[in-house]
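Q: Got a minute to go through this one with me? I have a few quick questions.

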Amino acid sequence: MSAEAARAHPRLAHHFESLEKQVHAARLGMWLFLATEVLLFTALFAAYAVYRYLFHETFAEASRHIETWIGLVNTIVLVTSSLTVALGLHRATRGDGKGTALFFGLSVLLALTFLGFKAIEYTHHFQEGQLPGRFYTYGEVTGPGASLFFTLYFLITGLHGIHVVIGMTVLIVVGIRAGRGAFSAEYHVPVELAGLYWHLVDLIWIFVFPLIYLI
Amino acid sequence: MADPHATTHDAPGGHSHVGRYALVWVALLFFTFLTYGLSRLHIAGGWGVVVALAIASAKGTLVALFFMHLWDQRGANRLVFLISLSFVALLVGLTILDNATRFPLANPPGAEGALPAGGADVPPPFQPGERR
């Protein structure tokens, strides 16, 4: 008993039999949370699907009046940030906390790039009056459904943007902790879960890109 | 705070992990440009969205399997994710089915087959009998 207690990892909570089981429980919990996130976005995608079905031509027309290149660049930026997060996790599995901090820092820079492009885009929409609901004053795309496209555009990209900010915060906190040597090759589950969250943000954008920009 | 043993003693699968990440990244970039290029072609008949969603699903699968490690993980996590996807299909699919099978006049004004927006004196945005 005492020998077992001595061998127990300092991160092992008393209600888990082993560190392995604790890690599996943490992962499962994270996947359950990610499932709720998927469904949160699905509600918006369902609304999008309905109005795209009802106002097909107007949606296609409205989509041609937003900057496709920004969507493309942001897709590349997010996909690359997913790669750097994955590499950060790989460093963590080797017990290299500094490497994790470096890769997560790189990912945060890419996330800031993403938000920068998003800010340029939003500024443009505000100047053009491509705004939701009764604030819609854009003259080139009119008719029913035009303001709905931009309502859904702002809801979907806005909610995604909030997730980018949350993900960035998580990456910063976990990255700093990793850099200070809080994790080891045996225990780095926070690094893994932060990565999972970031990949989900990427995963959702992968669907946002064709639906919003490439109609 | 690197553990020297952990960094010098590379596990057999270690390098392939980095290689796998890089391969997935290249594939994701390829699919991104592919979907962008195909969207420029304006595929007719509503198949454009099918193609775009198929490519997005392929990309999503790559991210979930390899970046999110579902490939090497236990069944429970895969099950949770797959169930969430089946609820996505139910929610979006059934909602669309509802709108697609409605009496057209029950849809909002301005939509296909429904009353024109703004009253009867406004010409309808779609010709009668025209699809999409």
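Q: Is A:Gly71 buried or exposed, and why?
A: A:Gly71 is buried, because 24 other C-beta atoms lie within 10 Å. Buried means 20 or more such atoms within 10 Å of a residue's own, exposed 12 or fewer, partly exposed in between, with C-beta atoms placed from the backbone.

Q: How far should I trust that, and how is it numbered?
A: This is a predicted model: local features need pLDDT of at least 70, side-chain atom pairs count only at pLDDT 80 or more, and totals for chains, interfaces and linings use all residues. Residues are numbered from 1 along each chain as its sequence is written, with chains lettered from A and ligands numbered from 1 in the order written.

Q: Which element holds A:Gly71?
A: Helix 4 of chain A. Helices are DSSP runs (H or I, at least four residues), numbered from the N terminus.

Q: What does A:Gly71 touch?
A: A:Phe209, A:Ile212 and A:Tyr213, leaving out residues up to four places away in sequence. Contact means C-beta atoms, placed from the backbone, within 7 Å.

Q: Switching to the contact between chains A and B. How many residues does each give?
A: Chain A gives 46 and chain B gives 47.

Q: Which helix of chain A gives the most?
A: Helix 2 of chain A, with 15 residues.

Q: And chain B, what is the span of helix 3?
A: Helix 3 of chain B (residues 47-67) reaches 29 Å from first C-alpha to last, close to the expected 30 Å. The expected span is 1.5 Å times one less than the number of residues.

Q: What follows helix 3 of chain B?
A: B:His69, with a positive phi near 65°.

Definitions and conventions. Helices (H or I, at least four residues) and strands (E, at least two) are DSSP runs, numbered from the N terminus. Two residues are in contact if their C-beta atoms, placed from the backbone, lie within 7 Å.
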